[in-house]
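Biologist: I am new to this structure. Please show it, and then I will ask about its parts one by one.

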Amino acid sequence: MARGKIQIKLIENATNRQVTYSKRRNGLFKKANELTVLCDARVSIIMFSRTGKLHEFISPSTSTKQIYDQYQKVLGVDLWTTQYEKMQEQLKKLKEVNRNLRKEIRQRMGDCLNDVSFEDLQALEQEMETSVKLIRDRKYRVISNQIDTSRKKVRNVEEIHRNLLHELDAIKEDPYGLVDNGGDYDTIIGYQNGGPRIFALRLQPNHPNLHSGGGSDLTTYPLLE
């Protein structure tokens with residue numbers, strides 16, 4: 001079947017427009033390559049999509065610059081002079097801006113003030129005062145944050161110190177760790193008055209050596225020196 005003709009106008013659908021662009025771009029590059037091979041022609045194609053993306057084809061035997069140079073030579077035009085002049089003018093403006101900025105920096109350091117008018121000096125003084133205020137406010141914020149952090153560290157250290165003192169007091173009350181109400185022995189009492197040391201041990205009711213009869217549940221063991 002013969003291919004139907006399409007109306008040449010902007011494709012409204014973005015997806016269809018991108019697909020058509022890609023297909024026709026590839027077809028155009030294919031034809032340019034065939035022209036290069038079959039006819040030994042030097043072909044250069046530069047394309048920009050609607051999104052600004054660059055697509056370029058150049059014959060393998062040449063370069064884009066060579067094509068432009070030959071184009072200028074044949075037509076007798078200069079494509080670079082205008083652009084060069086614009087670049088020189090832009091460079092001149094940038095140099096002037098850089099010179100003014102350096103001068104302002106020197107003035108803020110107290111140099112190059114001889115040719116400054118009284119009004120400019122007042123404006124410079126106001127700018128300096130504003131800058132100093134901003135710097136001072138920033139410095140105070142940094143110092144305040146550092147103070148808050150230091151206070152938190154001090155509170156943490158004080159809490160650790162109190163816990164250590166509490167543990168130290170507990171160790172002083174029971175230096176040998178003999179008192180332990182949670183173990184098998186309810187109390188352990190030691191006497192040391194120059195005579196034999198006697199320890200009174202009271203066994204828990206579930207102790208296997210507990211006497212079955214009534215009476216005291218204390219068993220004394222004399223320890224001889």
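Biologist: Along β1, which side chains point to one face and are buried?

Modeller: This is a predicted model, in which local features need pLDDT of at least 70, side-chain atom pairs count only at pLDDT 80 or more, and totals for chains, interfaces and linings use all residues. Residues are numbered from 1 along each chain as its sequence is written, and side-chain values use heavy atoms, with hydrogens and water left out. Buried means under 20% relative accessible area, exposed over 50%, and partly exposed in between (1.4 Å probe, protein chains only). The side chains of β1 alternate: Ser44, Ile46 and Phe48 point to the other face and are not buried, while the buried ones are Ile45 and Met47.

Biologist: In which sense do β1 and β2 pair, and over how many bridges?

Modeller: Strands (E, at least two residues) and helices (H or I, at least four) are DSSP runs, numbered from the N terminus. Two strands pair if DSSP finds at least two bridges between them. Ile46 stands opposite Glu56 in β2, and the bridge partner of Phe48 in β2 is Leu54. The sense is antiparallel, and the number of bridges is five.

Biologist: Which residue in the hairpin of β1 and β2 takes a positive phi?

Modeller: The hairpin has five residues between the strands. The phi in question is near 90 degrees, and the residue is Gly52.

Biologist: Which element gives the most to the largest nonpolar core?

Modeller: A nonpolar core is a set of buried Ala, Val, Leu, Ile, Met, Phe, Trp, Tyr and Cys residues joined through side-chain atoms within 4.5 Å. The largest one has seven residues: Tyr21, Phe29, Ala32, Val43, Ile45, Met47 and Phe57. Two or more of these come from each of α1 (14–39) and β1 (44–48). With three residues, the element that gives the most is α1.

Biologist: Leaving aside neighbours within four places in sequence, which residues is Phe29 in contact with?

Modeller: Contact means heavy atoms within 4.5 Å. In strand β2 (residues 54–58), His55 and Phe57 point to one face and are buried, while Leu54, Glu56 and Ile58 point to the other and are not. The contacts of Phe29 are Ile45, Met47, His55, Glu56 and Phe57.

Biologist: Which element supplies the largest share of the nonpolar patch on the surface?

Modeller: Patches are made of residues with over 30% relative accessible area and no salt bridge; like charges are joined within 9 Å, and nonpolar side chains (Val, Leu, Ile, Met, Phe, Trp, Tyr) within 5 Å. Tyr71, Val74, Leu75, Val77, Leu79 and Trp80 form this one, with about 590 Å² of accessible area together (Shrake-Rupley method, 1.4 Å probe; for residues, only the protein chains shown count as cover). At least two residues come from each of α2 (64–75) and α3 (79–108). The largest share, three residues, comes from α2.

Biologist: Why does Trp80 count as partly exposed?

Modeller: Trp80 lies in helix α3. It counts as partly exposed because its relative accessibility is 43%.

Biologist: How many salt bridges does the structure hold?

Modeller: A salt bridge is a side-chain nitrogen of Lys or Arg within 4 Å of a carboxyl oxygen of Asp or Glu. Glu96 and Arg99 meet in one (2.3 Å, N to O), and both lie in helix α3, three residues apart. Asp137 forms one with Lys133 at 3.1 Å, and Arg162 forms one with Glu159 at 2.5 Å. The total is four.
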